[in-house]
Amino acid sequence: MNNQRKLMLCLLVAAGIGLSFSCKKVVDGPGDGDGASGGYYGGYTFTNSLNDSLYMYAKAFYLWNDDLPSFAKFDPSKYESGNSLTGLKNELYALTQIPVNAETNKPYEYDADFPGESKYSYMLLTADNTGGGNSSFVIKPNTQSFTLDGKGNDLGIHFGFTSPYAVDENGDYIVDTDGNRKLNRDTTITVLKYVDNGSPAQKAGLKRGDVIYKMNGEAKDFNSFSSDKELQDYYNGILDGSSLDIVKVDSVYPKTGKRKETMISLQKKQYDFNPVILDSVISLPGGKKVGYLVFEGFTQLENAKAPIDAALKKFAGVTDLVVDLRYNGGGAVETAEYLANAFVASGNDGKTLYSMHYNDSLRDESTYSSFLKTVLKSQKLYEDDGVTPTGKTTLDIDYSVAGNTEKVKKSGAISTASNKIYFIVAGGTASASELLINALKPYNNVVLVGAWYAEDPEEDDGGHTQIRTYGKPVGFFDLRIGEYTVYMSMFQSLNSKGEGDYYSGMLTDGLGYDDVLADFGKSEDRLESLNQILATLDSKFKVPGTSFRAALSTNIKPRQNPATRASIRSYEAEENRRNFKPMVKRTIQLR
């Protein structure tokens, strides 16, 4: 009999969830001879070791478990340490670097930005995951901008770094023969890349594009630091602080020779987070109406539904749709599903939206060995508080593809003329954002336009410069080993065509700039991502504030010199980890 229960499955790295699993250390042999006779795990016995147990759970749950070597060959005892957590982390990293992606010839969990760390899997103290009275669904609430239940508890600011536009002696922008603004590449300034909706910063009037002159009395900026680490420590210290005196200026190069300085004092506080940064309808000269949604994070539907519904109501009569996910690190699957069903082309009800695929060992219950059943029984299911037992174990979960498939349920009044949806994405676009995009591809004309900031570029088949999203098609739920919790990649999300191998990210179809000097929808840069999209929709479209008509560019060049871009890229990689949210599915099917 199938039963539905409110649980959580956590997809991808960087945040935790309320659902918890608990295990007693499995130190006995299989008990029925399966292991000793060369069955499911091969011939070995367990000692009283956390490291042995970690290997066992990897062989049971890990998505690429068939690629892992035998117990004897891997030898978990090599990773035993006086500090148990350190030893387990080292073992987990070693396990995750074994399965290799044939397309890249690198491990699926290889992370170029953080050598020595797995791209998806990680481990921590269970107490850090369930205790402290923090808002739910976070692992490190003090370093997260908001939680998945829609609570912010910070200043609400996010920094960016850019060269300012160059001006002449009259203070007018200098443009080239193509109408593109030139940059003053001799300096790099600090700006607010975006501000969390509902945060102290937003309520104080700060917004994307504000130029920052001083913080806590110091006039430091990107050029004030001798190393990337020094820069990161400084700005992360500001972000994690409980208060901030911030001075913004109205212009870097004012025509009057003077500039207005405004000081704003911020205090960290808990607030109700609104994931919709902007929802607007843009009217183009030719009569098209374009819905533009800037969506920061997939909080739970009970938090996100009201602002989403308000946006969808505005978009009921639009001819085209642009969804801006450039800073969206993921979140609740239920909210991604809600948006997908609003955006999906009509006439597809009942078809597969997406499905989750566990490893072959788990999918078919009829093939379970007694030993595997013992492993699954050892992990208890807990309520969202991580403390209250449910009376169920991981053996009660339905791991079949059929039990983990969601169907299309078209909702709302959005019906664009061509079923085309433009998504603005960047290197930090991850997890639930990628799930939303991938799920819609079989049914809509999906176009990805990159917002290039500091990502590493590559050329597409046409020789055009493009960037990629982060690449997180895998998921997991938490397993407890002693006093520790481990998250290891367990299942992959696929769309109705069986597509989902975007481990290296999704390559964009077009590219524009992330103009952090202007608020969303107000850039006067003809090569900014939204302006590029609007230009393709209407040849008469003129960039706001300029006399130049935008034209889709096929040759986008980096805005910073290589050294500066590398430093910004290093900072951004750390900030992307801060903003990543797990893809959380609140209901799973039990047997």
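Which residue of β11 is the bridge partner of Ile 246 in β10? Here are some notes for a newcomer, and please keep in mind that this is a predicted model.

1. Let's settle the opening question. The partner of Ile 246 turns out to be Ile 264, which sits in β11. That bridge belongs to the pairing of β10 with strand β11 (residues 261-267), an antiparallel match with seven bridges.

2. Staying with β10, look at its other pairing. Strand β9 (residues 211-215) also goes with β10 in the antiparallel sense, here over four bridges. If you want a residue pair to find on screen, take Val 211, whose bridge partner in β10 is Val 249. As for its surroundings, β10 covers residues 243-249, and five of its seven residues are buried, so the rest of the structure largely encloses this strand.

3. Next, a small sheet. It is open and has three strands, in the order β5-β26-β25, with antiparallel pairing. β5 (122-125) and β25 (478-481) are the edge strands, each pairing on one side only. Going from one strand to the next, the twist averages 25 degrees. Four bridges hold the antiparallel pairing of β5 with strand β26 (residues 484-487), and Leu 125 has Tyr 484 of β26 as its bridge partner.

4. Which strands of this sheet does helix α1 touch? Helix α1 (residues 50-61) packs on the sheet with contacts to β5, β25 and β26, and its direction makes about 155 degrees with that of β25. Helix α3 (residues 84-96) packs on the sheet too, touching β5 and β26; the angle between its direction and that of β5 is about 165 degrees.

5. Now for a pair of helices. The axes of α6 (residues 228-239) and α13 (residues 562-579) come within 10 Å and cross at roughly 40 degrees. The two are therefore oblique to each other. As for handedness, α6 passes α13 in a right-handed crossing. On the α6 side, the contact is made by Asp 228, Leu 231, Gln 232, Tyr 235, Asn 236 and Leu 239. From α13 come Ser 567, Ser 570, Tyr 571, Glu 574, Glu 575 and Arg 578. By character, the contact residues split into four nonpolar, four polar and four charged.

6. Two residues deserve a look for their backbone angles. Asn 105 is not a glycine, yet has a positive phi of about 60 degrees. You'll find Asn 105 in the loop between β3 (100-101) and β4 (106-107). Ser 431, also not a glycine, has a positive phi of about 50 degrees. Its place is the loop between β20 (420-425) and α11 (432-440).

7. Are these two residues buried or exposed? Asn 105 counts as exposed because its relative accessibility is 63%. Ser 431 counts as buried because its relative accessibility is 0%.

8. Last stop: Thr 299. This residue lies in the loop between β14 (289-295) and α7 (301-314). With a relative accessible area of 0%, Thr 299 is buried. What is it in contact with, leaving aside neighbours within four places in sequence? The contacts of Thr 299 are Phe 146, Thr 147, Leu 148, Gly 150, Phe 273, Pro 275, Ala 304, Ala 332 and Thr 335.

How values were computed: Residues are numbered from 1 along each chain as its sequence is written. This is a predicted model: local features need pLDDT of at least 70, side-chain atom pairs count only at pLDDT 80 or more; totals for chains, interfaces and linings use all residues. Side-chain values use heavy atoms; hydrogens and water are left out. Axes are lines fitted to C-alpha atoms, for helices over the stretch in contact, and angles run from 0 to 180 degrees between N-to-C directions. Angles under 35 degrees count as roughly parallel, over 145 as roughly antiparallel, 65 to 115 as roughly perpendicular and the rest as oblique. A crossing is left-handed if the near helix is turned anticlockwise from the far one by less than a right angle, and right-handed if clockwise. Contact means heavy atoms within 4.5 Å. Ala, Val, Leu, Ile, Met, Phe, Trp, Tyr, Cys and Pro count as nonpolar, Asp, Glu, Lys and Arg as charged, and the others, Gly among them, as polar. Buried means under 20% relative accessible area, exposed over 50%, partly exposed in between (1.4 Å probe, protein chains only). Two strands pair if DSSP finds at least two bridges between them.
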